[in-house]
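Me: I have a protein model open on my screen and no idea how to read it. Can you walk me through it?

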Amino acid sequence: MKESDQIHPTLRIADSEENAVMELLSFMYNGKLTTAEPALLLDILMAADKFEVLSCMRLCSQLLAKLPMTTESALLYLDYPCSISVAAEVHHLIVRAKEFLAKKYKNYTKFEHELMNFPLVGIEAIFSSTDLHVPTEDRIYTFMLKWARARYPELLERRKILSSRLLPLVRFIHMSCQALHKVLTCADADIDHDQVNKLITWLLLHKAYPAQQHGDFAADTTACWQFAERTYTCKPLKIAAFDEPCPQVIAYWDLKREECSRLFQQAQIPSEPLCRPLSGFLVSPRLNLAGLAFVLVATCKMDKLSGLYSFGLSFLVIERPKGSVTIDYEFAARTRASGKFVARFQAKYTFTGCVMVGCNDVFGIPWQSFMADENLFINGVLHLRADCRVLEQQETQT
């Protein structure tokens, strides 16, 4: 303006900038802003950056920092196009927005349908979190495909978004064997199969040979992130199965102390059983034995007479063959003192329907004593073994 010969110079702005520029001009005269709307404050911040009004930039940043974070404002901050200088001013807002979304939507099962309407930046913020509570990592992979197909109908764009933004968020190392096999063998055009197959192979090699791969792994931050385990309500198993001399399955199940602690916390929440099936439980993937399909279920159970809580472990049969199946089963836990698995409960049961059988007090001690037992929790992990073998099987005559 000083260099211009015009007495009344003209300022050209886009229509979308009008409100922000008027607020900026008002600030330049009286040092105040008349709005507390996050979207308009961001626009004013952009205008102040464009016209180099540093004091207004600082004020906008301060006002934005004082506003309560909501889902709408968090998504706005994450998706707002900023220059480099403005990005530095709102960096703390972006960090807060990611933390807010990750914390609010950490219960995946509760918000699964709502998340289908989220933009890409929101999905990235939530699913990059290690604190996400989800049944299995398989569910996240399935959700990513479902969300991308709903949001990006054009194949090439969808394939690009999945490869560069979404699938890197999936912790493939924690997916089930069945799900990984499906990913590796499917012919889905949405996925860059070479990229995904190389990533899965590399991760599995690191898991199988951690000592040999340690140097490369430590230098790769992406690998560290890929290996981080989320909070899974369906905990993976290690299984050994035998056909002879009788059908038998031996399952090894590791539960962290924090996971057991959450069982107790959830057991304190009053609710109708039918309204919250399998809430407050840790569940294993499906096991198969002689036509029976069942899962292991860990619970925190209260004895109605004493009012004391204890650790329970059961089989929940979800499918059975026609007729009856008699099994002999044993629950054991590894102890620090012996370094071996010690039997804690043994029983025999004849299944004629889909039922839950097991023991409500596997260790015979109250919950507080169980949680404090360093002989059971080895480096913070409870190592369980369930041994199940078929004694007799009878088919129903038709």
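Me: Which helices and strands each supply at least two residues of the lining of the largest pocket?

Reply: First, how to spot the pieces: helices (H or I, at least four residues) and strands (E, at least two) are DSSP runs, numbered from the N terminus. Here α9, α11 (177-185), α12 (193-208), β3 (238-242), β4 (248-256), β6 (287-289) and β13 (381-394) each give the lining at least two residues. Strand β4 has the largest share, with five residues. Keep in mind that this is a predicted model: local features need pLDDT of at least 70, side-chain atom pairs count only at pLDDT 80 or more, and totals for chains, interfaces and linings use all residues. Residues are numbered from 1 along each chain as its sequence is written, and side-chain values use heavy atoms, with hydrogens and water left out.

Me: What volume does the largest pocket have, and how many residues line it?

Reply: The general idea: rolling a probe the size of a water molecule over the atoms shows where empty space is left. On a 1 Å grid over the protein atoms alone, a pocket is an open set of points where a 1.4 Å probe fits, with protein on both sides within 12 Å along at least five of seven lines; lining residues have an atom within 4 Å of a point. Points are joined across faces, edges and corners, and the volume is the space filled by probe spheres set on them. In this model, the largest pocket comes to about 1,200 Å³. Its lining counts 37 residues, and His-174, Met-175, Lys-207, Pro-236 and Leu-237 lie nearest the centre.

Me: How many of the lining residues are nonpolar, polar or charged?

Reply: Ala, Val, Leu, Ile, Met, Phe, Trp, Tyr, Cys and Pro count as nonpolar, Asp, Glu, Lys and Arg as charged, and the others, Gly among them, as polar. The lining splits into 20 nonpolar, seven polar and 10 charged residues.

Me: Which residues touch the most other members of the largest nonpolar core?

Reply: A nonpolar core is a set of buried Ala, Val, Leu, Ile, Met, Phe, Trp, Tyr and Cys residues joined through side-chain atoms within 4.5 Å. Buried means under 20% relative accessible area, exposed over 50%, and partly exposed in between (1.4 Å probe, protein chains only). The largest core has 67 residues, and Leu-115 and Phe-127 touch the most other members. Helix α9 (residues 137-151) gives the most to this core, seven residues. Another core, of 41 residues, lies apart from it and includes Val-249 and Phe-370.

Me: Why does Cys-260 not bond to the closest cysteine sulfur?

Reply: A disulfide is a covalent bond between the sulfur atoms of two cysteines. The cut-off used is a pair of cysteine sulfur atoms within 2.5 Å. The closest sulfur to that of Cys-260 belongs to Cys-300, 9.5 Å away, so they are too far apart for a bond. The structure holds zero disulfides. Cys-260 is buried at 0% relative accessibility, while Cys-177 is exposed at 63%.

Me: And the backbone: where is the cis peptide bond?

Reply: Look from Glu-244 to Pro-245, where the bond is cis, with omega near 0°. Pro-245 sits in the loop between β3 and β4.

Me: What is the phi of Asn-379, and is this residue buried or exposed?

Reply: Its phi is near 55°, a positive value in a residue other than glycine. Asn-379 is exposed, at 71% relative accessible area, in the loop between β12 (377-378) and β13.
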